[in-house]
Amino acid sequence: MYQFDISAGSKADLYRDLLSALDALTADEPDAVANMANASALIWQYLPDLNWAGFYRLIGDELVLGPFQGKAACIRIALGKGVCGTAAATRTTQLVEDVHAFPGHIACDAASRSELVVPIVRDGVLVGVLDLDSPEPARFDAEDAAGCEALATLLATRTL
């Protein structure tokens, strides 16, 4: 079993430690689902004020629910629909301070107020998205986006 020292320092320190922990957890495992499962558990345990942390995988031409922590979620999301589908279609991180103001937001959990979705791209091909929801408005900022983009970049190298 792994032991991680997740610091109580700055947000940058927290994401540096999360990245190091995720690197250690996934270093010898090529299976995408196993690595996404451990990543969602790690994120859920160490990032505060979340009500959902997980993944949607690109299967065919839609996003399909992958490993996650939180309440039951929407199973399939069309590309371009909602925050996750927009991140997948544009391959750009979506940082949404108020999900109720996002056109076409898909409300899997009515308690969600803000959302951060990061595309996972390997060799120019979309693999899926990392999705974080919070019941707090404006929970996520540029530091969260950068930290989660680093996590997604690492995971992209560890998905088959």
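**Exercise 1. Disulfides**

Determine how many disulfides this predicted model contains, and examine Cys-148.

*Solution.*
Step 1. A disulfide requires two cysteine sulfur atoms within 2.5 Å.
Step 2. For Cys-148, the nearest cysteine sulfur belongs to Cys-84 and is 13 Å away. Cys-148 is therefore in no disulfide.
Step 3. The count for the model comes to 0 disulfides.
Step 4. Consider next the surroundings of the two cysteines. Residues under 20% relative accessible area count as buried. Cys-84 has 3% relative accessibility, so Cys-84 is buried; Cys-148, with a relative accessible area of 0%, is buried as well.

**Exercise 2. Aromatic pairs**

Find the aromatic pairs, and classify the geometry of the rings of Trp-52 and Tyr-56 and of the rings of Trp-52 and Phe-68.

*Solution.*
Step 1. The count comes to 2 aromatic pairs.
Step 2. In the pair of Trp-52 and Tyr-56, the ring centres are 5.9 Å apart and the planes stand at 25°. Planes under 30 degrees apart count as stacked, so this pair is stacked.
Step 3. In the pair of Trp-52 and Phe-68, the centres are 5.2 Å apart and the planes stand at 15°, so this pair is stacked. The pair links distant parts of the chain: Trp-52 lies in strand β1 and Phe-68 in strand β2 (residues 62-70), 16 residues apart.
Step 4. Ring pairs thus join Trp-52, Tyr-56 and Phe-68 into a cluster.
Step 5. Which of these residues are buried, and which are partly exposed? Trp-52 is buried at 5% relative accessibility, and Tyr-56 is buried at 1%. Phe-68, at 27%, counts as partly exposed.

**Exercise 3. Nonpolar cores**

Describe the largest nonpolar core, state which element gives the largest share of this core, and identify the contacts of Ile-43.

*Solution.*
Step 1. The largest nonpolar core has 28 residues. Those with the most contacts inside this core are Ile-43, Leu-47 and Leu-132.
Step 2. Two or more residues are given to this core by each of the helices α1 (11-26), α2 (32-46) and α4 (142-156), and likewise by each of the strands β1 (52-59), β5 (114-122) and β6 (125-134).
Step 3. The largest share, 7 residues, comes from α4.
Step 4. Apart from its neighbours within four places in sequence, Ile-43 is in contact with Leu-50, Ala-53, Leu-130, Leu-132 and Leu-151.
Step 5. A second, separate core has 16 residues, among them Trp-52, Leu-63, Ala-88 and Val-96.

Terms used: Residues are numbered from 1 along each chain as its sequence is written. This is a predicted model: local features need pLDDT of at least 70, side-chain atom pairs count only at pLDDT 80 or more; totals for chains, interfaces and linings use all residues. Side-chain values use heavy atoms; hydrogens and water are left out. A nonpolar core is a set of buried Ala, Val, Leu, Ile, Met, Phe, Trp, Tyr and Cys residues joined through side-chain atoms within 4.5 Å. Buried means under 20% relative accessible area, exposed over 50%, partly exposed in between (1.4 Å probe, protein chains only). Helices (H or I, at least four residues) and strands (E, at least two) are DSSP runs, numbered from the N terminus. Contact means heavy atoms within 4.5 Å. Rings of Phe, Tyr and Trp (its six-membered ring) pair if their centres lie within 6.5 Å; planes under 30 degrees apart count as stacked, over 60 as edge-to-face and the rest as tilted.
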